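Q: Could you take a close look at one part of this model for me? I'd like the aromatic ring cluster walked through, pair by pair, with a bit of context around it.

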Amino acid sequence: MKHHVLIAAPGRDVEAVLAAEALRKAAREAGLDVEVQLALDDAAPLAHPSARVVPVDAVLADPAAVLANLAAAPAADATPTRIVAITSCPTGIAHTFMAAEGLQQGAAELGHAIRIETQGSVGAGTPLTAQEIAEADVVIIAADREVDRARFAGKRVFASNTKPAITGGAALITRALAEASVQAGGEETTAPAKAERTGPYKHLMTGVSFMLPFVVAGGLLIALAFALGGIHANDDAAAGTLAHTLFEIGAKGGFALIVPALAGYIAYSIADRPGIAPGMIGGMIAASQGAGFLGGIVAGFIAGYGVDALNRAIRLPRNLAGLKPMLILPLLGTLLTGLLMVYAVGTPVAAVLSFLTEWLRGMQGSSAIALGLILGAMMAFDMGGPVNKASYAFSVGLIASQVYTPMAATMAAGMTPPLGIALATVLFRNRFSAEERDGAGATAVLGLAFITEGAIPFAARDPLRMIPAFVAGSALAGAISMAMGVELRVPHGGVFVLPIPGAVTHLAAYAVAIAAGTLTTALLAGLLRRPLAANPAQDPATLPATA
């Protein structure tokens, strides 16, 4: 009998290869027919249907014992469940891949085969194939924004946010296998049923994730325009120059689509494809009224919930059902959204945004410091969670209104926790394990790239001490940035976008803000955390030198 074995060890490539060779050698010596497959990352293909998943540590410890278990329990009796999954967060960076890793580890622990597609604001990575979806027993969607589920029609689907996948992949998989429901589908379906109803926060984050590429592209092009043509690059006298052209593309192209994209994809998250046109048109009206990103948010929710209500209220014969998504819902949804924006909502929201914009632009002294403290503390409080994303979404939205100081404070504060804890592992070595010190380099790189989630492993181990240190350092960084009037035109990239001329103002002051927040976090983390002196034998750094 031929035995199929899957060794799943993401991030442990060398050990997995050694384990595979050891198992093959033991199989040859025992006269067994064993085919070994490695799953070293999320892009690995699904295992053979009858494959047994074995832990890499068990194989390295005693490959003969693993083979004995295979012979005692034939592989055909332990067919693994075949799972496909999608992970996604609004920026498509940290939580997306942390959730994928959690699901991968959970599947290996439970003995299931899994293939994961990671999605972000730049699209899908390692996309699932039609064959993989067709052969899967269950689909798991771990996402903080809405994901298109049309291709999963007829499959058992379970939806969650990313946090359960990060904190307990095995538990989430077990729950998904028990609770997944069949995804509706078919040509007559106007809005695929969702396995789990989502709230306004998730709809807003979906809109923000689709809006981000427009903000990034437009902001960088405007920054390059000022770098080439100076502060007068957008004047009529500069027409025809490269700098003026770049400014026109960034401002009248990229930035002009920020609010429509935000509104359109909030509506899409609520009502699926029929909501996109009413949402985007409502966003265009909001932009023309001067209601900005606040108007876009309102338009998106009006369009989304309006189209969703119309879809449930309108009943047509089966042969006319196809008219709903293509004709009736976009028309009535746009009419509803447009009339409400023009006659009821747009003008008051525009007045609120105008007041907010002028207030933010006129901030000086203590009021600017207070806002920086609040935004900074929010960024570090849950490091990628709802509070963090609320601060980020507020700052990104203001870029469309040409208010750039909150974005600078938010990015500085978001970089501080991972940079600070990485520095703490250097300054206070006896307070961190060897494993934590080894991972500090990667944490620092994540901090430089404005990925606050890099500090999550440290916070998870000791939240009562680490989170206050993170909040204090980030609040200080945000306050200094706001007090210095630093402006940032791009919403992501960390230090890697700062050298671009025009991307940030008062660069030296910004560096001081980031450095001060980082040092504060490091000192507080070191002072609050207890030394690892209780059991020196566990930590090589505390062992005495030997002759």
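A: Here's a walk through the ring cluster, followed by the pocket and the overall fold. Keep in mind that this is a predicted model.

The protein has six aromatic pairs. One of them is F210 with Y265, a stacked pair with 3.9 Å centre to centre and 10° between the planes. F210 sits in helix α8 and Y265 in helix α10 (residues 258–271), so this pair ties together parts that are 55 residues apart in sequence. Y265 also pairs with Y268: those ring centres are 5.8 Å apart and the planes stand at 75°, so that pair is edge-to-face. The edge-to-face label follows because the angle is over 60 degrees. Y265 and Y268 are both in helix α10, three residues apart, which is about one turn of the helix. Put together, ring pairs link F210, Y265 and Y268 into a cluster.

As for burial, Y265 and Y268 are both buried, whereas F210 is partly exposed, at 27% relative accessible area.

Helix α8 (200–229) turns up again at the largest pocket, where it is among the helices that each supply at least two lining residues. That pocket holds about 1,300 Å³ of space. Its lining runs to 50 residues, with M98, I166, E453, I456 and P457 nearest the centre. By type, the lining splits into 21 nonpolar, 16 polar and 13 charged residues.

Zooming out, the protein has 21 helices and nine strands, and buried residues make up 51% of its 547 residues.

Technical notes: Residues numbered from 1 in each chain as written. Predicted model: local features only at pLDDT ≥ 70, side-chain atom pairs only at ≥ 80, totals over all residues. Heavy atoms only, no water. 1 Å grid on protein atoms, 1.4 Å probe; cavity = no way out; pocket = protein on both sides within 12 Å on 5 of 7 lines; lining within 4 Å. Points joined across faces, edges and corners; volume = space filled by probe spheres on them. Helix = DSSP H or I, 4+ residues; strand = E, 2+ residues; numbered from the N terminus. Nonpolar A, V, L, I, M, F, W, Y, C, P; charged D, E, K, R; others polar. Buried < 20%, exposed > 50% of the residue type's maximum accessible area, 1.4 Å probe, protein only. Phe/Tyr/Trp six-rings, centres within 6.5 Å; stacked < 30°, edge-to-face > 60°.
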